Amino acid sequence: MQSRKSSLLLEKDRKNIEKLYLDLVPKVPESKQTCKLTLPDGQTFELPILNGSDGPPMIDSRNLYAKTGYFTYDPGYTCTGSCVSQITFIDGEKGELLYRGYKIQELAKTCDFVDICYLLLYGELPSMQDKKNFDTTMKNEMLVHDGLISFYKGFQTGAHPMAIMVGVVGALSAFMNEDLDVKEAVQREISAIRLVAKMPMIAAIAYRTARGLPIVYPKKKLSYTANFLYMMFADPMDPDYAVDEYLAGVLDKILVLHADHEQNASTATVRIAGSSIANPFACVAAGIASLWGPAHGGANEAVLDMLDEIGDSSNIPECIKKAKDKNSGFRLMGFGHRVYKNYDPRAEIIRDVCHEVLDYLDMKNDPYFKIGLELEKVALSDPYFIERKLYPNVDFYSGIVLNAIGIPKSMFTVIFALARSIGWITQWREMISEPVLRIGRPRQLYVGHINRNVNDRTERENSYDTLSVLTDPPKKGFSIYKP
Ligand SMILES: CC(C)(COP(=O)(O)OP(=O)(O)OC[C@H]1O[C@@H](n2cnc3c(N)ncnc32)[C@H](O)[C@@H]1OP(=O)(O)O)[C@@H](O)C(=O)NCCC(=O)NCCS
């Protein structure tokens with residue numbers, strides 16, 4: 001019987017893939033300059049400087065501890081490079097984003113999501129024939145194992161689809177682990193294709209489970225994105241149900257814009273999880289968990305919550321005031337970015353898409369859009385946002401577009417995860433391909449107690465009542481805690 005790992009790719013492809021992947025392994029550039037570090041005792045050390053093809057130079061601190069006995073302190077890795085990469089590049093000051101060297105604006109105009117998957121995975125845009133072959137390979141891998149579908153039954157109706165995604169994508173590793181050796185280029189290839197191909201069905205079932213709707217299977221004749229919409233929205237009582245092609249194109253553009261974004265929180269999570277040579281599907285589940293938060297991918301859902309809370313343009317000044325007040329704990333959702341200190345190029349593209357879609361749907365008076373535009377105008381003319389270079393990011397408009405085309409709010413971040421799966425797995429593959437792979441292991445500046453003595457339990461002060469918020473179980477009768 002043909003083994004599962006060789007069923008997708010023939011032996012003749014194996015050598016091509018191994019050769020291709022050698023070119024896709026980024027090399028650490030040679031250092032041509034150094035800088036000097038002077039320690040408090042006056043000793044000086046030379047540290048190499050590394051220059052990439054673009055972006056700020058980096059001080060190579062790999063040997064810093066060995067040479068000096070010092071670590072560096074940089075919470076949130078605001079100025080720390082953790083890898084060399086040749087997949088995606090952002091110039092935050094200019095507001096520029098490149099996938100494999102191509103500007104996002106050009107790609108969004110001329111390519112669909114399958115082109116982008118190909119580009120990210122193989123480093124080049126596909127020819128007509130390549131695209132056809134790749135598309136067929138993806139379609140052949142779209143179905144999920146029937147056993148995986150049982151996992152969804154464990155979630156109650158109303159569960160957040162992102163909670164389901166974290167569980168089910170992690171569960172994929174139970175189906176693809178035994179015969180998966182991530183050290184083999186071919187198997188990394190198969191894992192990447194399987195993940196991206198199966199994500200639409202995994203995401204669509206998450207939605208249908210949350211709604212208590214029956215599962216719909218993909219169709220070979222539909223495109224990647226149309227298949228996702230079909231599996232999400234097909235009416236089981238309507239055999240003629242057809243996906244609106246224009247709206248499928250709009251969603252496809254959103255997928256293109258979200259496909260990859262350098263070393264963001266979720267990608268860094270996938271890389272750090274993968275650095276222990278863990279199962280790639282489990283690593284992607286970790287990335288999904290990281291993406292869910294409102295400071296990252298969850299922002300698109302949070303933008304709509306915020307616009308709901310504003311309710312009317314007359315409440316915008318109050319909202320801006322709250323966002324500027326550090327004690328309020330509130331931030332303007334969909335605004336600001338760790339790297340972009342200029343307009344996020346994806347937000348510019350999606351803002352135009354937003355105008356077109358609302359025209360198409362005859363929804364020019366959409367309250368979210370009206371309040372969003374006004375909020376953007378007010379924020380961009382406020383010194384607080386100008387001084388801090390806080391511009392709308394991609395999530396500011398993507399939620400408005402997704403809502404307009406009929407996607408429920410709880411699925412916004414799931415769609416982000418669907419799009420980002422290609423970025424995560426490409427970044428994971430790049431990392432695993434490196435000849436020397438080091439486990440991710442940050443340092444800490446320890447500021448806790450040292451050298452305490454353990455007292456006898458009877459001598460310790462009672463503190464549990466003040467430390468714990470959980471109440472005692474009832475003392476009499478029979479009862480059981482609600483799980
Ligand atoms: C994206 C984000 C997490 C980046 O955070 P960061 O790089 O750590 O930026 P900082 O937290 O250092 O913010 C810098 C300054 O701008 C302020 N700021 C940043 N984003 C803000 C926002 N959305 N609303 C109000 N103030 C904001 C901070 O309070 C800080 O002010 P200070 O210098 O007076 O202390 C942050 O901008 C944010 O929370 N945005 C809202 C959530 C969002 O849209 N996330 C999606 C990102 S694609």
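Me: A residue is buried if 20 or more other C-beta atoms lie within 10 Å of its own. Which residues of H12 are buried?
Reply: The model is predicted. Helix H12 covers residues 265-274, and 8 of its 10 residues are buried, so the rest of the structure largely encloses this helix. The buried ones are Ser266, Thr267, Thr269, Val270, Arg271, Ile272, Ala273 and Gly274.

Me: What covers the buried residues of H12?
Reply: H12 is largely enclosed by the rest of the structure. The cover over its buried residues includes two helices, H13 (280-292) and H20 (412-433).

Me: What is the radius of gyration of the protein chain?
Reply: The C-alpha trace spans about 75 × 65 × 60 Å along its principal axes. A compact globule of 483 residues would come out near 23 Å, so the chain agrees with that, having a radius of gyration of 25 Å.

Me: Of the contacts in the protein chain with a separation of 6 or more, what share comes from residues 24 or more positions apart?
Reply: The chain holds 21 helices and 6 strands. Of its 483 residues, 38% count as buried. Among contacts with a separation of 6 or more, the share from residues 24 or more positions apart is 73%.

Me: Which side chains of strand S4 point to the buried face?
Reply: S4 runs over residues 88-91, and its side chains alternate. Phe89 and Asp91 point to one face and are not buried. The buried pair on the other face is Thr88 and Ile90.

Me: What is the bridge partner of aspartate 91 in S5?
Reply: S4 and S5 (residues 96-99) run antiparallel and are joined by 4 bridges. One of the pairs sets phenylalanine 89 against leucine 98. Aspartate 91 has as its partner glutamate 96.

Me: Which residue takes a positive phi in the hairpin of S4 and S5?
Reply: The hairpin has 4 residues between its strands. The phi in question is near 75°, and the residue is glycine 95.

Me: Which are the edge strands of the sheet with the order S4-S5-S6?
Reply: This open sheet has 3 strands with antiparallel pairing. An edge strand here pairs on one side only, and that holds for S4 and S6 (102-103).

Me: What is the bridge partner of leucine 50 in S3?
Reply: Another open sheet of 3 strands has the order S1-S2-S3, again with antiparallel pairing. Its edge strands are S1 (33-38) and S3 (58-59). S2 (residues 44-50) and S3 are joined by 2 bridges. Leucine 50 pairs with methionine 58.

Me: Tyrosine 77 is not a glycine; what is its phi?
Reply: Most residues other than glycine have a negative phi. Tyrosine 77 lies in the loop between helix H3 (64-68) and S4. With 13 C-beta neighbours inside 10 Å, this tyrosine counts as partly exposed. Its phi is positive, at about 45°.

Me: Is asparagine 451 buried or exposed?
Reply: Asparagine 451 sits in the loop between H20 and H21. Its phi is positive too, about 55°, although it is not a glycine. Inside 10 Å it has 4 C-beta neighbours, so asparagine 451 counts as exposed.

Me: How many Å separate the C-alpha atoms of threonine 466 and tyrosine 246?
Reply: Threonine 466 is in helix H21 (residues 464-467). It has 7 C-beta neighbours inside 10 Å and therefore counts as exposed. Along the chain, threonine 466 and tyrosine 246 are 220 residues apart, and their C-alpha atoms are separated by 59 Å.

Me: Which helix gives the most to the side of domain 1 that touches domain 2?
Reply: Domain 1 takes in 125-292 + 409-433, and domain 2 takes in 299-404. Their contact uses 11 residues from domain 1 and 15 residues from domain 2. On the domain 1 side, H11 (245-258) and H20 each supply at least two residues. With 5 residues, the top contributor is H11.

Me: How many nonpolar residues has the side of domain 1 that touches domain 2?
Reply: H11 gives the most to this side. By class, it has 2 polar and 2 charged residues, and the nonpolar ones number 7.

Me: Which residues are closest to the ligand?
Reply: The ligand has 16 residues around it. By class, this shell has 7 nonpolar, 5 polar and 4 charged residues. The closest are Ala299, Arg331, Leu332, Gly336 and Arg338.

Key. Residues are numbered from 1 along each chain as its sequence is written. This is a predicted model: local features need pLDDT of at least 70, side-chain atom pairs count only at pLDDT 80 or more; totals for chains, interfaces and linings use all residues. A residue is buried if 20 or more other C-beta atoms lie within 10 Å of its own, exposed if 12 or fewer, and partly exposed in between; C-beta atoms are placed from the backbone. Two residues are in contact if their C-beta atoms, placed from the backbone, lie within 7 Å. The radius of gyration is taken over C-alpha atoms; the globule rule is 2.2 Å times the number of residues to the power 0.38. Two strands pair if DSSP finds at least two bridges between them. A residue is near a molecule or strand if its C-beta atom, placed from the backbone, lies within 6 Å of it. Ala, Val, Leu, Ile, Met, Phe, Trp, Tyr, Cys and Pro count as nonpolar, Asp, Glu, Lys and Arg as charged, and the others, Gly among them, as polar. Domain bounds come from an automatic or database domain assignment.
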